[in-house]
Amino acid sequence: MKKQLPIDQVLPELLAALSCSNNAVLLAEPGAGKTTRVPLALLQAPWLRGQRIVMLEPRRLAARAAAQYMARELGEAVGERVGYRVRMDTKVGPRTVIEVVTEGVLTRMLQEDQALDGVGVILFDEFHERHLHGDLGLALALQSQQLLREDLRLIVMSATLEAEPIAALLQQAPVIRCEGRLFPVKTNYVDGDKKTPLSTRMGRCIQDALNNHEGDVLAFLPGVREIRQTSRWLASAGLPANVQIRELYGSMPLQQQAETVAGCMDSRRKVVLATSIAESSITVDGVTVVIDSGLMRVSRFSPKSGMSGLETVPVSKASADQRRGRAGRLMPGTCYRLWREEEHRYLADQNAPEMLSADLSSLALELSIWGIAIPAELDWVTPPPMAAYEQASDLLQRLGAMKPSGQPTAEGRLIARLGVHPRLGAMLLSAKSIDELRIACELAALLSERDILPQERNVDIELRLDKLRRDGNRDPALQRIAAAAGQLERIVVGAWQNNKWQNSRRSAGVLLAAAYPDRIAQRRSDGRLLLAVGRGAVMPAEQLLSASSYVVACELDDAGAEGRVLLAAALSQEEIDTELAAYIHDSEELYWDEQASAVRASRKRMLGAIVLSEHPLNQPDRDQISDVLLHVVQQRGWDLLPMKGKAQSLLERMQLMARGGRTEWSRMTGEALLASADEWLKPHLYGLKSRADLQRLRMADLLSGLLTWEQRKMLDEQAPTHLIVPSGSRIPIDYSNPDQPVVAVRLQEMFGMTETPRLADGIIPLTIHLLSPAQRPVQVTSDLKSFWSEAYFEVKKDLKGRYPKHYWPDNPLTATATNRAKPRK
DNA sequence: CTCTCCCT
């Protein structure tokens, strides 16, 4: 008799829903039993009609375990009615009806047969994890259902999820909910000073938990560094003798992980310090207390640099709840959260889907093979972000996997079948001989898995190759990598059918350059690296690689201002010159030499942003020189040009006209003219290359050439060079302040002028500096009328005393202006 | 002073 599980109660509802709808969303909390009961329940569904059931699992371990459990329920071995397909391990037979597959496998199944002939239903288990290929699989399956397979059924299963957006995407699918089977867990929020190191706060909380509760403690920390720090804090703070500290994180050998998870052999209690790996991938037995730091580390892809880096971020509410649930598997438990209850509501509901932060190159390749031009042709729960998607398309084109049209090349189709990152796929296809292919396969397999020498500070990938060749058939982890390398080799050899091989033995570094041309790096004098993409990177000093002047940085942490190299291969100068010539381009670079005040030219051999060598160039291209000159002029402004006398005045008058109301003059400000200098100045820069050459330009002619005849006339009328005053003198107008043109004129020359002259369409009044007979300023005005009626009489009194021989009339409005002491009779 | 998790 089968054990009752909570899911059993909703199975009739699910079956009923699927008899009238093609899609369904099943929300079931952990422990409800959905993974094993739902596929078995569907076996009897009338609509299945002998077709297969495919269930998607996010992990290989989970896929195998689910298949094994279901087979046992049926009293069969795996591979009879229930089987699984994961990478490099397939157990399905001719009678297999339920296939449990992992995400990449589903993508391949869909790509090989878009109609999924013979499949009646796809179940997306643990969909809330929102892996990139899970989202992709759902988007592809949905389109297949819409265009080719209206009878295909899709079921999205999830622990915690906002069901509505997915239900809407699945054509308003019914949502079925099911309770879980966990014990209650009491939640305590622990307020701590955020300035206290996390390891200290965590350590104290662990001590308290050990004192106040029975059972084992599971602590969630963001990463290995915090795990080590907390472990050290606890060791020095002292723990009861019956307590054992254990660490748990993904880069640990599997054997060690298993030991951590297992119960203690003696009666000791254990404290497990874990990353988010213990949230759903690994279950730790015996836990009654969970302590959650509230942090996790996530990878974030930068479309700008094409690299990923790690970020420490707050967990989501869903993640925090999932972590808390780990304390309620055995009996009622306790959870401590190292944040304040008020802070909790600011946490995101769900973790961000991988789509938003991942490298999308393999997604873009799959879409191209699926046959769509833009992602918007599919329905997505979360559409791919454009910046990352475009970066991915660019990369695929550079790797030769995609045509500019967006269609895949033959190589691209093969790369997708290899099941490695498109960069590594392109490297495999670049191998010219069987020897090279073997190395490339080993490299691809190594780089597709976690580092096999995580403790090793030397980042040289050759050390890993050596270890793989030495211990590849002993260590289980290495066996997997060696098997993956062998599988890759078989696919490529099969595809090329022996018609491509030459004699060639290029190094690992040269092969890796085909995968990471943008990460070829040059060592600079201070020991830092300059990557071909133009970013800097650092590599620990005592590396074997430090003898090499070039490297390929295959793995980088792009977190800080400078990337940190995690894995690299050496490249020699000779290899750069002979093997990587395809990436090198000559560039004639012209630049403004400040000291010589002239344009200089040099020829550089460049590999991306890396300068391989540089020589001065004797006869640079004149057109390019004038480009540089123009650019310098535009940057520096008018100072580089001979703006004196007439030219300067002309420019100032044109600026004044721009202050007026007419739009035709708005292009005539100094700023606007610099911006449009490529139109009017550049033709005159041809053949020039220095500041001295520029000084010979006839700027007045150039500027006045910009004006039509009418405009010149208007300029002379409305921004004249001189003002003719009542005395008959021509007084120059100073336009150096374009808001306030000024004339300076002796007061007596102005008698009779009642209205202040206005310029630029009458918008700007002229400012008049009235001078004494000795040319000393006595008054500034832009309102002559009120000057004559008021201030004049004060001024007159004063000046009459000092210049008695001069003419100081009582009525300045009718008096005769003079440029002498007194007007001629 | 050290890199989260996962997959074709």
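**Buried helix, nonpolar cores and an enclosed cavity**

Helix H4, which spans residues 103-112, is mostly covered in this predicted model, with eight of its ten residues buried; helices here are DSSP runs (H or I, at least four residues) numbered from the N terminus, and buried means under 20% relative accessible area with a 1.4 Å probe and protein chains only. The buried residues of H4 are Glu103, Val105, Leu106, Thr107, Arg108, Met109, Leu110 and Gln111. Residues are numbered from 1 along each chain as its sequence is written. Because the model is predicted, local features need pLDDT of at least 70 and side-chain atom pairs count only at pLDDT 80 or more, while totals for chains, interfaces and linings use all residues.

The largest nonpolar core (buried Ala, Val, Leu, Ile, Met, Phe, Trp, Tyr and Cys residues joined through side-chain atoms within 4.5 Å) has 105 residues, and Ile122, Phe124 and Leu512 have the most contacts inside it. Helix H17 (residues 434-448) supplies the largest share of this core, nine residues. Apart from this core lies another of 67 residues, including Leu681 and Tyr803.

One cavity of 30 Å³ or more is found in the structure, where a cavity is a set of points on a 1 Å grid over the protein atoms alone at which a 1.4 Å probe fits but cannot get out, and lining residues have an atom within 4 Å of a point. The largest cavity holds about 60 Å³ of space, the volume being that filled by probe spheres set on the points. Among the residues that line this cavity are Glu103, Phe124, Arg130 and His131.

Methods
Chains lettered and ligands numbered in written order. Heavy atoms only, no water. 1 Å grid on protein atoms, 1.4 Å probe; cavity = no way out; pocket = protein on both sides within 12 Å on 5 of 7 lines; lining within 4 Å. Buried < 20%, exposed > 50% of the residue type's maximum accessible area, 1.4 Å probe, protein only. Helix = DSSP H or I, 4+ residues; strand = E, 2+ residues; numbered from the N terminus.
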